[in-house]
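Work through the exercises below with the structure open. Each task is followed by a solution in steps.

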Amino acid sequence: MATFLYRLGRGAFLRRRWVVLVWLGVLAALAVGAAGAPGASDEEFSMPGIESQKAFDLMEQRFPGEAADGATARVVFVAPGGQKVTAGHLHDAVEDAVGALGHGPQVAGVTDPFTSKAVSDDGSTAYATVTYKVESSDVGDASRAAVDKAADQARAAGLTVETGGSAMDSDGGPGGAAEIVGLSAAAFVLLVTFGSLAAAGLPLLTAVVGVAVSLSGILLLAGPLGLSSDTLTLGMMLGLAVGIDYALFVVSRYREERGRGRAPQDAAGVAVGTAGSAVVFAGVTVVIALGGLSVVGIPTLTKMGLAAAGAVAVAVLVALTVVPALLGFWPDAVLARKVRKARKAARRSRGAAPVLLPVPAGQVPVSDGRAGRGNLGARWARFVLRRPVAVLVVGVLGLGALTLPAASLQLGMPGDEAKSTATSERRAYDALADGFGPGFNGPLTIVVDATGAADPHAAVRTVSDRIAGTDGIVSVSQARFDTAGGTAVFRATPSTSPTDARTKDLVETIRHDRPAVERQASATFEVTGTTALNIDVAAKVQSALVPYLAVVGGLAVVLLLVVFRSVLVPVKAALGFVLSVLAALGVLVLVFQQGHAAGLLGVEQTGPIMSLMPIFMMGIVFGLAMDYEVFLVSRMREAHTHGESAGQAVVSGFRHSARVVTAAALIMVAVFSGFIGEEGSLIKMLGVGLAASVFLDAFVVRMAIVPAVLALLGERAWRLPRWLGRVLPHVDVEGRALDRARPASQDLAADGLDPDGQVEARV
């Protein structure tokens, strides 16, 4: 693989104009297609195989059109203190608003709160429900503007009016601020790392190109595949993070190879053949982990995972082709200023006699002009080698303490109650909870199939009466029958909010008592609705966490076994990944469930962690953790295969890679942290969870626990049974084939270095 990638990188360097033109053509074609494609949707969440989904499907079958995904808007009217919406001019203002709502674009109908019994017992609150002829993603701006105009008319009469519902959902795609924050932080880290504007700007430029291609592709497929707006944000988040990191690794290796004396085109080839090999492996792990989310059986999760995997694949291709092509346009611009000045001085004194400056054994010239043996990474590695037990104990205990809150993890699907109080949706939610009780925002929908009963109406009444008598149910609506008269639907309102643990217990109680109720009624029933659906989804996802974690961890062992040809190194890497993921889940529980530092992160309401969050985070973090494992440990293995002892190989790996891995981790943390300011709950949680997991995995697991474990293992870390070595394929991540295929002396002599390791200086 290294030889193929060497040729690819060298070819992209030499044919840079064609490479850039091809990518610009691809981007233009996708952008034109995306411009005319329907936008991202906000489709209803579904999960085949669970009871609430089966009940919902039965409703669509028996009540055609009534259980469809048509958009709704809810307008909540609250009378000023001590007054009632049913009195005088306030009553008239509500009626006028309802009339105006009925004349809005795309409206199918509006319920009058005074005739539909949508007024609270104390008369302080009322609501009107607007149904639309289209789905929420197709509701136009004119329709929303009509709702806002009617609300303003009622406000002018003294009412407090708030709006909510799927038609008024304010969550959108990428907002722009998060991307600006992430890019700005990444630019600063790159500038500090490289000390060159060109070297800092190139990874940013290529990452933006990759994200533009990815988002254009996602937008093009959003309509046909039903991709949500969260998919766009996730694609941008991952595309930026891995795009910058992958380009960073290639540019860093290019600078290193130029410092060793290679000609620019060969340095680009070697950079892609070595760092590019690690990029390919790291990208493949992310793609596999994200694509593997499809086995969970959640369509929305599958679509998001595959779309994000596509964004990562594009980032890999950009790093392997666009990065060396741009290096071809400016081969010296990415080098450090000291190196550029030295080269200019050498060119000005070409006629002087050469003087060979000896390079100490074991060292090579590096791009920043400083000796590589004593940098901060090497000093840290030596510190860990001297105190491996202490570093290991502190690292494991620290992560272990963060994993403890994960034991109380509660999964759910936060709705409007998790939004900021600055949004009208959240204020409408609170107003309805105050006027009608906390359970009003999450009623249970009961679907009764009485087709086999002698008297379907009597059977439905029996079911309704039994559920109404269940502790925790405050009211039951009148049942609605289908046209055949054998199926009925009614709503049961709990006394607790949708995300309250007692509501979950209530659903379990109703289902537990179901056999006795069904025998008495001679009919069957199922519990559904948004609240029950969220409870069922949380239960299914929670049951899939351990198996998925085992699959992903096992995959890590297999992949690293092939790459490093070692048994203990992959096991250590997988255990470290599990530890960092559990610690990141603990951070989520601390912030979003328990409320620690919630105000600083803009979390105004604590509650359960979104059901999809843990398993989705596992897939993403698996790939990102393997990034740092490969880039760091591959340099250790490279040094070990060239004859260094196990301990010295750890120092060499840190000397060459610690600075770049640190920069890459800081960039990812910055990019993910920028998305904490997004309104969407899933994106906000992903921002916190991914930023925490990357920080913990990079700086605690890979930078502390990994060298400590390798120090304790010694030479045993790199052993592989002979029989296993014969079976495993050879993956040349270190680029040893390049050394055999092309002696470095050819490049060294051509670029001012003596083949024996001496720097040629002219005086």
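Helices here are DSSP runs of H or I with at least four residues, numbered from the N terminus. The model is predicted.

**Exercise 1. Place V272 in the chain and decide whether it is buried or exposed.**

Step 1. Find the element. V272 lies in helix 9, which covers residues 264-291.

Step 2. Apply the cut-off. Buried means under 20% relative accessible area. V272 has 0% relative accessibility, so it counts as buried.

Step 3. List the contacts. Setting aside neighbours within four places in sequence, V272 touches L5, G9, V250, S277, L320 and P324.

Step 4. Check a distance to a remote part of the chain. R7 is 265 residues away from V272 along the chain, and their C-alpha atoms are 8.6 Å apart.

Step 5. Look at the whole helix. Of the 28 residues of helix 9, 24 are buried, so the helix is mostly covered. Helix 9 also has a kink of about 40°, centred on G276.

**Exercise 2. Find which parts of the model have the lowest and the highest mean pLDDT among the elements.**

Step 1. Start with the chain. Its mean pLDDT is 80, and 86% of its residues reach 70 or more.

Step 2. Go to the elements. Strand 14 (residues 758-762) has the lowest mean pLDDT, 34, and helix 13 (residues 388-403) has the highest, 93.

Step 3. Mark the stretches below 50. Over residues 352-373 the pLDDT is below 50, and this stretch has 49 contacts in the model beyond near neighbours in sequence. Residues 743-763 are also below 50, with 54 contacts counted in that way.

**Exercise 3. Describe the salt bridge between R514 and E51.**

Step 1. Recall the principle. Side chains of opposite charge can pair when their charged atoms come close.

Step 2. Apply the rule. A salt bridge needs a side-chain nitrogen of Lys or Arg within 4 Å of a carboxyl oxygen of Asp or Glu. The closest N and O atoms of R514 and E51 are 2.7 Å apart, and the pair forms a salt bridge.

Step 3. Locate both ends. R514 lies in helix 17 (residues 514-521) and E51 in helix 3 (residues 51-62), so the pair ties together parts that are 463 residues apart in sequence.

Step 4. Judge the exposure. R514 is buried because its relative accessibility is 16%. E51 is buried too, with a relative accessibility of 16%.

Step 5. Widen the view. E51, R511, R514 and D536 are linked in a network of salt bridges. The count for the model comes to 16 salt bridges.

**Exercise 4. State where the partners of two further salt bridges lie: E257 with R253, and R702 with E629.**

Step 1. Take E257 and R253. Their side chains meet at 2.9 Å, N to O. Both residues lie in helix 8 (residues 229-259), 4 residues apart, about one turn of the helix. E257 is buried, with a relative accessible area of 2%, and R253 is buried at 8%.

Step 2. Take R702 and E629. Their side chains meet at 2.6 Å, N to O. This pair links distant parts of the chain: R702 is in helix 22 and E629 in helix 20 (residues 613-641), 73 residues apart. R702 and E629 are both buried.

**Exercise 5. Name the residues of the nonpolar surface patch.**

Step 1. List the members. V389, V393, L397 and L712 make a nonpolar surface patch of about 360 Å².

Step 2. Assign them to elements. Helix 13 gives the largest share of the patch, 3 residues. L712 is found in helix 22 (residues 681-713).

Step 3. Check the exposure of L712. Its relative accessible area is 39%, so L712 is partly exposed.

**Exercise 6. Describe R565 and S522, two residues with positive phi.**

Step 1. Take R565. Its phi is near 50°, a positive value in a residue other than glycine. R565 is in the loop between helix 18 (530-564) and helix 19 (568-593). It is buried, with a relative accessible area of 13%. Beyond neighbours within four places in sequence, its contacts include R637, W718 and H730.

Step 2. Take S522. Its phi is near 55°, also positive in a residue other than glycine. S522 lies in the loop between helix 17 and strand 11 (524-528). With a relative accessible area of 49%, S522 is partly exposed.

Note on methods:
Residues are numbered from 1 along each chain as its sequence is written. Side-chain values use heavy atoms; hydrogens and water are left out. Helices (H or I, at least four residues) and strands (E, at least two) are DSSP runs, numbered from the N terminus. Buried means under 20% relative accessible area, exposed over 50%, partly exposed in between (1.4 Å probe, protein chains only). Contact means heavy atoms within 4.5 Å. pLDDT is the predictor's confidence in each residue, from 0 to 100. The bend at a residue is the angle between axes fitted to the seven residues ending there and the seven starting there. Patches are made of residues with over 30% relative accessible area and no salt bridge: like charges are joined within 9 Å, nonpolar side chains (Val, Leu, Ile, Met, Phe, Trp, Tyr) within 5 Å. Accessible areas come from the Shrake-Rupley method with a 1.4 Å probe; for residues, only the protein chains shown count as cover.
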